[in-house]
Amino acid sequence: MSIVRLNGLFKSYGEIKALDDLNLEIPRGCLFGFLGPNGAGKSTTLRILCTLLSPDKGEVFVAGHDALKNPLKVRRALGYVAQEVALDKILTGRELLDLQSDLYHLKGASKKEKIEELIYRLGMDKWIDRRCGSLSGGMKRRLDLASGLLHDPQILVLDEPTVGLDIESRNVIWKLLKELKNQGTTIILSSHYLEEIDLLADVMAIIDQGKVIATGSPNDLKKELGGDRITLRVREFSDENESIKITNILKNISGVRDVVVNKSQGFSLNLVVDNETVLSKLREQLENERYKIFSLSQSKPSLDDVYLQATGRTLMDAELLVAGKRDYKLEIKKSMR
C-alpha cells in the first residue's frame, strides 16, 4: 500500500519548469531512494510533499491525507531534514533538542528519554553540550537529523543528507536509517550519490528534468538492462554521423542487445551485450568495416548505466549540464544590468 502518492505535479519558477507532470507512488515501510542530478526537481518534489510548497497543478496524498487540503495532519506524520542545515548557533546541541521537543509537545520523562536515545544512537554524547556554532558539518547534520526524529514520524524525509560529510558521520547516518526502516519507518532519501541509493534503497525513482523516468528496486532496474556493459570508441573524438554508422553495424551483431550514443563523451558508444563472447565478434566486425578501436571497457550493470539508458547521458554529465545552464543564465542576467 502506498503511503505517498503524487499525481500530475507541475511547478514552475518563472521561466524555469521544475516539475513537469511528475507522478510517483511510495510504498509504506520502505527506504525509498530519489535519484537525480542537482536541478532535476528533487527538492521541489520533497517540499511539496512536506507542505512547504504548493504545486501549480496536481494532487498530493501523504499518510492517507490530502496534503493540499489538510497540511497540518500531514505535518504531524512527517519528519523533514532539509538540504540546508539551520541551527541556532548560541544554543548547545542538547538545548536545541530540548527546544525542538517542546515544539513537538513532548513532555516529562518520555521527552528526556527520547533525547537521550537519539544522542546515543547518533553518537553525539561527546559533543552534545557544545554550542551549535562550534560544531562541524557532520555534527550539525546528525543534530539536524535527531531534531527530525524526536516525534517518531511515520515518514522521514531527507533531502541530500550526506552531501559533503566525513565518512564517520555518513556511516552513522546510514546505520540509523537502516535501523529506522527495520522498525517500520518509511524513509524518503533524496540523493545524487549512486553508491548511497544502491546500498540503502529498497525502491527508487530516477528523476530528470522534472519527470520520473524510471522506478523499481536498484537490483531490478539493473537486471532489466541485462548483460554486461561495453563502452567503445573508435577514435578519441568521433562525430555524430560516424557514431550513427557504427551503431548500425553493432546492432546487427548477434548478442548486442542495445546501443546508446553518449554525446557528452565524444560520441562514445555504450552497449548492452549478452555475454563476453560478443567482444570477439565486435572486434572482428569493426575490423572488417575498417574501424580501429581507440578504447574499449567492459563492466557489470550499475545505476549509472540505468540512468544512461533512460536519459542518454550519465549522472555526472547531467550535473554538468545543469551547472552549465545555471552559469549561462547568470551571465545573461549580468549582461542585462
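Contact here means heavy atoms within 4.5 Å. This is a predicted model, so local features need pLDDT of at least 70, side-chain atom pairs count only at pLDDT 80 or more, and totals for chains, interfaces and linings use all residues. Residues are numbered from 1 along each chain as its sequence is written, and side-chain values use heavy atoms, with hydrogens and water left out.

**Exercise 1. Get your bearings on the chain.**

Task: find how many helices and strands the protein chain has, and what share of its residues count as buried.

Solution.
- Start with the elements: the protein chain has 12 helices and 14 strands. Helices (H or I, at least four residues) and strands (E, at least two) are DSSP runs, numbered from the N terminus.
- Next, the extent: the C-alpha trace spans about 80 × 45 × 40 Å along its principal axes.
- Then burial: 47% of the 337 residues count as buried. Buried means under 20% relative accessible area, exposed over 50%, and partly exposed in between (1.4 Å probe, protein chains only).
- Now contacts: among those with a separation of 6 or more, 69% come from residues 24 or more positions apart.
- Finally the surface: about 17400 Å² is exposed, with carbon and sulfur atoms supplying 49% of it. Those areas come from the Shrake-Rupley method with a 1.4 Å probe; for residues, only the protein chains shown count as cover.

**Exercise 2. Walk into the largest nonpolar core.**

Task: work out which residues touch the most other members of the largest nonpolar core, and which helix gives the most to this core.

Solution.
- The term first: a nonpolar core is a set of buried Ala, Val, Leu, Ile, Met, Phe, Trp, Tyr and Cys residues joined through side-chain atoms within 4.5 Å.
- The largest one holds 44 residues, and L97, M124, L143, L145, L156 and L177 touch the most other members.
- Helix 6 (residues 167-182) gives the most to this core, namely 6 residues.
- Zoom in on L97: leaving aside neighbours within four places in sequence, L97 is in contact with I115, I119, M124, I128, L143, A146, S147 and L150.
- Apart from this core lies another, of 28 residues, with I3, L9, V62 and I207 among them.

**Exercise 3. Take helix 6 apart.**

Task: say which residues of helix 6 are buried, what covers them, and how the helix starts.

Solution.
- Check the length: at 1.5 Å a residue, the 16 residues should span 22 Å, and the end C-alpha atoms are 23 Å apart, which agrees. The expected span is 1.5 Å times one less than the number of residues.
- List the buried residues: S169, V172, I173, W174, L176, L177 and L180.
- Look for their cover, which includes strand 3 (31-35), helix 4 (108-121), helix 5 (137-149), strand 7 (155-159), strand 8 (186-191) and helix 7 (194-200).
- At the start of helix 6, a side-chain oxygen of D166 reaches to within 3.2 Å of the backbone nitrogen of E168.
- After helix 6 comes G184, with a positive phi near 105°.

**Exercise 4. Hunt for positive phi.**

Task: which residues other than glycine take a positive phi in strand 2, in the loop between helix 3 and helix 4, and in the hairpin of strand 9 and strand 10?

Solution.
- Keep the background in mind: most residues other than glycine have a negative phi.
- D21, in strand 2 (residues 16-27), has a phi near 60°. At 36% relative accessibility, D21 counts as partly exposed.
- H105 lies in the loop between helix 3 (93-103) and helix 4, and its phi is near 65°. H105 is exposed, with a relative accessible area of 65%.
- Q209 takes a positive phi near 50° in the hairpin, which has 2 residues between its strands.
- The hairpin strands, strand 9 (residues 203-208) and strand 10 (residues 211-216), run antiparallel and are joined by 5 bridges. Two strands pair if DSSP finds at least two bridges between them. I206 has A214 in strand 10 as its bridge partner.

**Exercise 5. Two loop residues.**

Task: are S217 and I253 buried or exposed, and what do they touch?

Solution.
- S217 sits in the loop between strand 10 and helix 8 (218-225). At 17% relative accessibility, S217 counts as buried.
- Not counting residues up to four places away in sequence, S217 touches D202, V203 and M204.
- I253, in the loop between helix 9 (240-251) and strand 12 (256-262), is buried, with a relative accessible area of 8%.
- With the same exclusion of residues up to four places away, I253 touches V278, K281, L282 and Q285.
- I253 and L282 are 29 residues apart in sequence, yet 7.1 Å apart in space, C-alpha to C-alpha.

Methods:
Polar contact = N/O pair within 3.5 Å; in protein donor to acceptor, adjacent residues only side chain to side chain.
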